[in-house]
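Thanks, everyone. I have one model to go through today, so please look at the screen and I will talk you along the chain.

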Amino acid sequence: MLTLNKLRTNKRKRTKRLGRGNSSGRGTYCGKGNKGQKARSGGRKGLKLFGLRQTFSKIHKAQGFTSLYPKLETINLSDLEKQYKDGDKVDLKGYKVLGDGELKKKLTIFATAFSKKAEEAIKKAGGQAKKCGTK
């Protein structure tokens, strides 16, 4: 049964009563420090506009920034030559294949990106270079 002693009260946050004497703890300068633009009435209005760079510099570094286009991992043709056998299908999603080294094996490579030199070397060896998505 609902009675008056069981009703919960809404606790309200008290507003700071400024300028009510020094014994209140908020007298004299009323918590606004000494003179200046911020101490005046309406003084903070124009200070909200910061440049974008200044706003980012105030963000804590631990939050950081994550790009929508993450950097791709790289792999060279010499690494593919060592790891895979002739005629293998190689799945390298999230990788960019670079043309450092020689490729003599006929490989079918699925990667996110290829350098021009790498693509030419793969085709020259008789393989295929096919582009696929990042995920």
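I will start with the overall layout, then take the strands in order, and end with a few individual residues.

One thing to say at the outset: this is a predicted model. The protein chain has 135 residues, and 18% of them count as buried. The accessible surface comes to about 12200 Å², with 51% of that belonging to carbon and sulfur atoms. As for contacts, take those between residues at least 6 apart in sequence: 15% of them join residues at least 24 apart.

On secondary structure, the count is three helices and four strands. Reading along the sequence, the order is α-β-α-β-β-α-β.

Now the strands. Which way do β1 and β2 run relative to each other, parallel or antiparallel? They run parallel, and four bridges join β1, residues 73-76, to β2, residues 89-98. If you want to find the register on screen, E73 has Y95 in β2 as its bridge partner, and I75 stands opposite V97 in β2. Between these two strands the chain passes through helix α2, residues 77-83, and the resulting β-α-β crossover is right-handed.

Moving on, β2 also pairs with β3, residues 108-114, again in the parallel sense, and here there are six bridges. Two positions to look at: L92 stands opposite A111 in β3, and K96 stands opposite A113 in β3.

The next pairing is β3 with β4, residues 128-131, which is parallel over four bridges. In this pairing, F110 has K130 in β4 as its bridge partner. From β3 the chain goes through helix α3, residues 116-124, to reach β4, and this β-α-β crossover is right-handed.

So β3 pairs with β2 and with β4. How many of the residues of β3 are buried? Six of the seven are, so β3 is largely enclosed by the rest of the structure.

Just after that strand comes S115, in the loop between β3 and α3. S115 is buried, because its relative accessible area is 17% and the cut-off for buried is under 20%. Leaving out residues up to four places away in sequence, S115 touches K96, V97, L98 and G99. Two of these have come up already: K96 as the residue opposite A113, and V97 as the residue opposite I75.

Another loop residue to point out is D88, between α2 and β2. D88 is partly exposed, with a relative accessible area of 26%. With residues up to four places away in sequence again left out, D88 touches K106, L107 and T108. D88 and G127 are 39 residues apart in sequence, and their C-alpha atoms are 9.6 Å apart in space.

Next, charged side chains. How many salt bridges does the structure hold? There is one. The side chains that meet in it are those of E119 and K123, at 3.9 Å from N to O. Why does this pair sit about one helical turn apart? Because E119 and K123 are four residues apart in helix α3. As for exposure, E119 counts as partly exposed at 23% relative accessibility, while K123 counts as exposed at 52%. Both values lie close to a boundary, so it helps to keep in mind that buried means under 20% and exposed means over 50%.

Last, the N-terminal part of the chain. Which residues make the nonpolar surface patch of about 380 Å²? They are L2, L4 and L7. L4 is in the segment before α1, which covers residues 52-58. L4 is exposed, with a relative accessible area of 75%.

To recap the strands: β1 pairs with β2, β2 with β3, and β3 with β4, each time in the parallel sense. The crossovers through α2 and through α3 are right-handed. That is what I had to show; I will leave the model on the screen for discussion.

Note on methods
Residues are numbered from 1 along each chain as its sequence is written. This is a predicted model: local features need pLDDT of at least 70, side-chain atom pairs count only at pLDDT 80 or more; totals for chains, interfaces and linings use all residues. Side-chain values use heavy atoms; hydrogens and water are left out. Buried means under 20% relative accessible area, exposed over 50%, partly exposed in between (1.4 Å probe, protein chains only). Contact means heavy atoms within 4.5 Å. Accessible areas come from the Shrake-Rupley method with a 1.4 Å probe; for residues, only the protein chains shown count as cover. Two strands pair if DSSP finds at least two bridges between them. A crossover is right-handed if, with the strands pointing away from the viewer, the path from the first strand over the helix to the second runs clockwise. Patches are made of residues with over 30% relative accessible area and no salt bridge: like charges are joined within 9 Å, nonpolar side chains (Val, Leu, Ile, Met, Phe, Trp, Tyr) within 5 Å. A salt bridge is a side-chain nitrogen of Lys or Arg within 4 Å of a carboxyl oxygen of Asp or Glu.
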